[in-house]
Amino acid sequence: MSETAKLNIQGSEVELPLVIGTEQEVGIDIAALRASTKAVTLDVGYKNTGSTTSAITFLDGEQGILRHRGYSIEELADKADFLEVAYLLINGELPTKETYTQWDDDIRHHTLVNGDIENIFNAWPTGSHPMGQLIAMISSLSSFYPESLNPNLGDDARDRTIRRLLAKMPTICAMIHKKRSGHPIIYPKNNLNYVENYLNMTFKNVTEDYDLDPVVVNAMNKLLILHADHEQNCSASTVRLVGSSHANLYASISAGIAALWGPLHGGANQKVIEMLEAIKADGGNAKKYLDKAKDKNDPFRLMGFGHRVYKNFDPRAKIIKKSADDVLNKLGVNDPTLEIAKQLEEAALSDPYFIERKLFPNVDFYSGIIYRAMGFPVEMFTVLFALGRLPGWISQWKEMMEHRQPIGRPRQIYTGPVQRPFINLEDR
Ligand code: CMC
């Protein structure tokens with residue numbers, strides 16, 4: 001097979017090298033295209049553009065395959081611990097027992113945040129959206145750890161910044177929840193593991209004991225793993241792009257959180273529950289909402305449906321759907337929106353509009369139902385996505401820095417006016 005692609009542009013032929021991945025994906029390396037032909041590629045929304053080579057996550061959207069560093073998402077969700085997956089993503093291999101103990105211990109001992117961070121919360125208007133707060137709080141960590149401002153200080157400094165961020169993220173997420181509820185914050189307890197500590201800081205009340213429920217701990221662990229990375233999605237690409245200017249890790253991750261907030265990305269998990277509630281309040285008529293989603297004059301979209309890369313099924317959604325039944329049963333929660341979600345899914349999957357466009361439930365379709373059964377308010381759902389995605393963002397940033405990737409700076413095709421003379425204000 002030829003290892004080059006031939007392109008004919010306005011009568012002249014150029015030969016471009018192919019880059020072939022370990023899973024035989026083929027890319028055309030167009031780095032030299034503009035220099036030799038003056039042409040650039042145009043791909044609005046990057047629907048067909050590989051922005052990097054990466055050894056972190058493999059995704060085959062046609063077959064519904066998702067693997068991190070070669071391990072299937074099904075196995076990781078079933079057998080691993082979230083911090084183990086975080087280590088795998090960031091360092092490339094599963095930790096040995098010894099390295100895991102060290103990793104876990106290091107993270108447990110960085111969970112506390114500077115007392116001044118609590119003061120920042122006083123500035124937020126009551127009830128403001130948690131994602132707006134999270135963006136600012138994560139970025140503010142750079143002020144408390146000035147060493148992080150230079151991401152080129154060497155491996156030790158970089159790894160310290162990474163561990164700090166992983167350790168403080170659950171503390172900050174839980175603080176946001178407590179402050180929004182008007183309750184005193186609960187400090188981390190370092191004898192608890194990552195997931196337990198987060199749940200304890202979120203759900204424990206200062207005036208009462210809180211017993212961790214293993215059903216909730218296991219479900220949370222699984223949900224975090226299912227969100228841990230998803231290769232070059234909108235937020236990961238944002239983290240890489242911002243980081244490529246050598247902005248510090250906290251700023252880069254904060255930008256990723258901002259990208260995640262949008263309802264077409266991670267913000268969809270909040271919108272799904274709001275949509276299911278609206279359908280319930282409207283008499284549970286799923287068909288009416290399917291028709292709205294199909295109507296090109298109506299901006300409504302079926303939230304939690306469709307995906308840029310999955311064109312068969314989203315393997316994460318499969319696991320979550322099963323988990324939703326399991327968790328609600330075990331917790332004895334009867335949520336009518338689960339029934340509506342199932343009806344909506346069934347109706348959509350047999351509707352030609354959704355079949356032709358290969359639209360399936362994605363990771364956000366059922367996750368909110370589980371979060372709500374666990375006791376999280378709807379506004380916190382996207383924060384939970386961010387908490388899970390953090391190791392993925394970190395690994396993408398670290399790989400980008402290790403590859404010494406140049407600053408990200410796409411080209412464009414200009415379509416505005418050609419040069420014209422300036423007319424003085426009085427003459428216009
Ligand atoms: N409801 C109704 N129609 C849809 C939907 C939907 N949810 N998603 C896509 N379509 C239609 C779209 O109108 C288009 O139709 P046509 O070809 O007639 O113009 C066709 O399907 C292709 O859609 P697209 O918008 O070109 O696809 P995209 O790859 O640009 O967008 C998406 C992907 C996820 C943004 C989109 O499917 C969507 O808006 N879904 C709802 C929001 C959502 O659930 N987002 C979470 C994504 S998964 C979590 C994550 O990783 O972010």
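In this predicted model, helices H8 and H9 pack at an angle of about 115°, and their axes lie 9 Å apart. Angles of 65 to 115 degrees count as roughly perpendicular, so H8 is roughly perpendicular to H9. The crossing of H8 past H9 is right-handed. On the H8 side, the contact is made by Val 195, Glu 196 and Leu 199, while H9 brings Val 216, Val 217, Met 220, Asn 221 and Leu 224. Sorted by class, the contact of H8 with H9 holds six nonpolar residues, one polar residue and one charged residue.

H8 (residues 194–203) also meets helix H7 (residues 155–181), and here the axes come within 8 Å and cross at roughly 20°. Since angles under 35 degrees count as roughly parallel, H7 is roughly parallel to H8. A reader following the handedness will find that H7 and H8, too, make a right-handed crossing. From H7, the contact draws on Pro 170, Thr 171, Cys 173, Ala 174 and His 177; from H8, it draws on Tyr 194, Asn 197, Tyr 198, Met 201 and Thr 202. This contact of H7 with H8 is made up of six nonpolar and four polar residues, with no charged ones.

Stepping back from single helices, the domain assignment of the protein gives two parts: domain 1, covering 94–263 + 381–402, and domain 2, covering 268–374. Taken over C-alpha atoms, the centres of domain 1 and domain 2 are separated by 28 Å. Where the two domains touch, twelve residues of domain 1 are in contact with 18 residues of domain 2. Helix H9 (214–226) and helix H18 (381–402) each supply at least two residues of the side of domain 1 that touches domain 2. Of these, H9 is a helix already met above through its packing with H8, and H9 gives the most to this side of domain 1, with six residues. By class, the side of domain 1 that touches domain 2 divides into nine nonpolar residues, two polar residues and one charged residue.

The last feature to look at is the surroundings of the ligand. Around the ligand there are 21 residues, of which Ala 268, Arg 301, Gly 306, Arg 308 and Asn 362 come nearest. The shell around the ligand is a mixture by class, with eight nonpolar, nine polar and four charged residues.

Conventions:
Residues numbered from 1 in each chain as written. Predicted model: local features only at pLDDT ≥ 70, side-chain atom pairs only at ≥ 80, totals over all residues. Axes fitted to C-alpha atoms, helices over the stretch in contact; angles between N-to-C directions. Helix = DSSP H or I, 4+ residues; strand = E, 2+ residues; numbered from the N terminus. Parallel < 35°, antiparallel > 145°, perpendicular 65-115°, else oblique. Left-handed = near helix turned anticlockwise from the far one by under 90°. Contact = placed C-beta atoms within 7 Å. Nonpolar A, V, L, I, M, F, W, Y, C, P; charged D, E, K, R; others polar. Near = placed C-beta within 6 Å. Domains from an automatic or database assignment.
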